[in-house]
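Reader: I should like to learn how to read strand pairing and backbone angles. May we work through an example together?

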Amino acid sequence: MESIARIFVVTLALVVVTGIAQAAVLVEYNFNDSTLNTSATSPLANATLTKDADFKIIGQSNPSFIGPGTNKFLGVNTVWPGQQASQSRKVRVDITAADPGTPLNLSSFTWNGKNAVSEGEGAYDYDAEYSTDGGANWMTLVSGRDTTSTWEVGTPLGTTLTGSDFENVQAISFRIRMWNGVNGKWRGLDDIVIEGSAIPEPATLSLIGLAGLVGLKRRR
Ligand SMILES: [Ca+2]
């Protein structure tokens with residue numbers, strides 16, 4: 001009985017240890033230069049970013065105006081009245097598990113956004129959506145009106161990710177939209193970050209448990 005109890009405890013401990021893998025940065029787009037993806041992308045996830053044609057890399061005089069640590073962001077110059085109400089302008093990130101046998105648990109999706117007004121900043125509407133079918137259908141993650149008005153990196157926009165759509169993920173898509181900003185001024189975003197962790201499949205957990213059992217038998 002004692003050995004069975006020990007095996008149970010060891011197996012349970014292994015399951016607990018593997019189950020509390022810390023959330024890490026899976027994908028990060030912190031726009032720096034002429035290349036779109038200057039990201040720190042985790043070996044756990046592959047990612048691609050697509051954008052509407054009028055988004056481009058824009059420099060900023062304050063190195064930390066939008067994204068931390070760099071002086072460039074992804075933005076649209078001089079948005080005029082006829083374009084203000086458009087929700088069609090968007091930036092999209094598709095991610096897949098780098099190893100199909102190691103799906104991802106996603107924990108958060110965040111970014112920084114701004115609409116410049118002269119020497120200050122203005123308010124604009126935004127939302128973020130996700131798709132689990134490659135972009136055929138989009139569901140709202142978070143929406144609001146950003147009224148940040150300081151020349152500093154603001155609190156990132158975005159949300160934590162909870163629910164079955166964000167567990168055991170092999171592939172998922174996110175997109176950000178910005179509209180109803182101030183006439184004639186740029187709007188932009190920076191430091192798009194997706195956090196999460198890789199989770200072993202049940203078969204892997206069983207193997208770990210089996211390894212623990214074999215190890216105990218050998219020690220006896
Ligand atoms: Ca940047």
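**Reading a sheet and two backbone angles**

Author: In this predicted model, Asn 46 has Thr 96 of β5 as its bridge partner.

Reader: In what sense do β2 and strand β5 pair, and over how many bridges?

Author: In general, the strands of a sheet pair through backbone hydrogen bonds, in either a parallel or an antiparallel manner. Here β2 and β5 (residues 90-97) are antiparallel, and seven bridges join them.

Reader: What is the order of the strands in the open sheet?

Author: The sheet has five strands, arranged as β2-β5-β11-β8-β9 with antiparallel pairing. Its edges are β2 (45-51) and β9 (139-146); each has a single partner strand, so one side of each lacks a neighbour in the sheet. From one strand to the next, the twist averages 15 degrees.

Reader: Let us turn to backbone angles. Which sign of phi does Asn 168 have, and where does Asn 168 lie?

Author: Most residues other than glycine have a negative phi. Asn 168, although not a glycine, has a positive phi of about 55 degrees. Asn 168 belongs to the loop that runs between β10 (157-160) and β11 (171-179).

Reader: Why does Asn 168 count as exposed?

Author: Asn 168 counts as exposed because it has 12 C-beta neighbours inside 10 Å, and the cut-off for exposed is 12 or fewer.

Reader: Is Asp 191 buried or exposed?

Author: Asp 191 is buried, because 22 other C-beta atoms lie within 10 Å; the cut-off for buried is 20 or more. Asp 191 is found in strand β12 (residues 185-198), and has a positive phi of about 50 degrees although it is not a glycine.

Methods: Residues are numbered from 1 along each chain as its sequence is written. This is a predicted model: local features need pLDDT of at least 70, side-chain atom pairs count only at pLDDT 80 or more; totals for chains, interfaces and linings use all residues. Helices (H or I, at least four residues) and strands (E, at least two) are DSSP runs, numbered from the N terminus. Two strands pair if DSSP finds at least two bridges between them. Axes are lines fitted to C-alpha atoms, for helices over the stretch in contact, and angles run from 0 to 180 degrees between N-to-C directions.
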